[in-house]
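Thanks, everyone, for making the time this morning. I would like to walk you through one model, with the cut-offs given as we go, and I will put it on the screen now.

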Amino acid sequence: MIDCAALRDRMPDVVHGRAAWTEAEVEHLAICPSCRVEWHMIRAGALLASAVVVREDVVAAAVLQALRVPPAEPVVRRFSWRPALVGAVGIAATVALVVGIPRHPAITTMAGADSAPAAAVFPELNGLTDTQLESVLHAVDSSVEDTPSEPQPRLGDLDEAQLEQLIQSVKG
């Protein structure tokens, strides 16, 4: 029995005349369709390669001509600041909108005569009367006034006794 892989490895040597088929290999090529197809492809490739004529003088002249031509100047692309500026302005506008939005939008919109924007922000206020809306406004105003306006101490600002007291209050 002939090994197909070994036979395929010998095909280039046979096609170039460096080896010859044995009688068993010729019989195998007659009965094995995959080996026969590969043998036909190897022979067709060898025939095509034999028809190609490489003219070394033409290739050498083309290479020398390409070496004589100086390389093209590299294209230097400059960074355009315009898109970055537009992006930075967009980011700044977004930050200004986010930071500039009042903390309690209901207070600012309900303080005026028109309460529709407040109802849009807080749909649960939609069915309330003016008196009820005023009481909600006063309740919100008093809770805003209760918040300390001075900065709260930070954890890093506390001394050891204050930290210990804070830990004890958290533990319960």
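Let me begin with the sulfur of C4, whose closest cysteine sulfur, that of C35, lies 3.5 Å away, which is too far for a bond. A disulfide here is a pair of cysteine sulfur atoms within 2.5 Å, and the structure holds zero disulfides. The two cysteines can also be described by their accessibility, where buried means under 20% relative accessible area, exposed means over 50%, and partly exposed is in between, with a 1.4 Å probe and protein chains only. C4 counts as partly exposed at 23% relative accessibility, whereas C35 is buried, with a relative accessible area of 0%.

I should say at once that this is a predicted model, in which local features need pLDDT of at least 70 and side-chain atom pairs count only at pLDDT 80 or more, while totals for chains, interfaces and linings use all residues. Residues are numbered from 1 along each chain as its sequence is written, and side-chain values use heavy atoms, with hydrogens and water left out.

Now to the secondary structure, where helices (H or I, at least four residues) and strands (E, at least two) are DSSP runs, numbered from the N terminus. The protein chain has nine helices and zero strands, and buried residues make up 10% of its 172 residues.

How do α2 and α3 lie relative to each other? The axes of helix α2, residues 23-31, and helix α3, residues 33-51, come within 6 Å and cross at roughly 100°, axes being lines fitted to C-alpha atoms, for helices over the stretch in contact, with angles running from 0 to 180 degrees between N-to-C directions. The two helices α2 and α3 are therefore roughly perpendicular to each other, on a scale where angles under 35 degrees count as roughly parallel, over 145 as roughly antiparallel, 65 to 115 as roughly perpendicular and the rest as oblique. In this pairing H28, L29, A30 and I31 of α2 meet P33, C35, R36 and W39 of α3, contact meaning heavy atoms within 4.5 Å.

On its other pairing, α2 comes within 12 Å of helix α1, residues 4-15, axis to axis, and the crossing is at roughly 105°, so α1 and α2 are also roughly perpendicular to each other. The contact is made by C4, L7, R10 and M11 of α1 together with E25, H28 and L29 of α2.

Two of these residues deserve a closer look. H28, in helix α2, is buried at a relative accessible area of 7%, and, leaving aside neighbours within four places in sequence, H28 is in contact with I2, C4, L7 and C35. L7, in helix α1, is buried at 2%, and with the same neighbours left aside its contacts are I2, W21, E25, H28, L29 and C35. L7 and L29 are 22 residues apart in sequence and 9.1 Å apart in space, C-alpha to C-alpha.

Finally, a word on confidence, for which pLDDT is the predictor's confidence in each residue, from 0 to 100. The protein chain averages a pLDDT of 75, and 62% of the residues score at least 70. Among the elements, α2 has the highest mean pLDDT, at 93, and helix α6, residues 105-111, the lowest, at 47. Over residues 105-119 the pLDDT is below 50, and beyond near neighbours in sequence this stretch has 17 contacts in the model.
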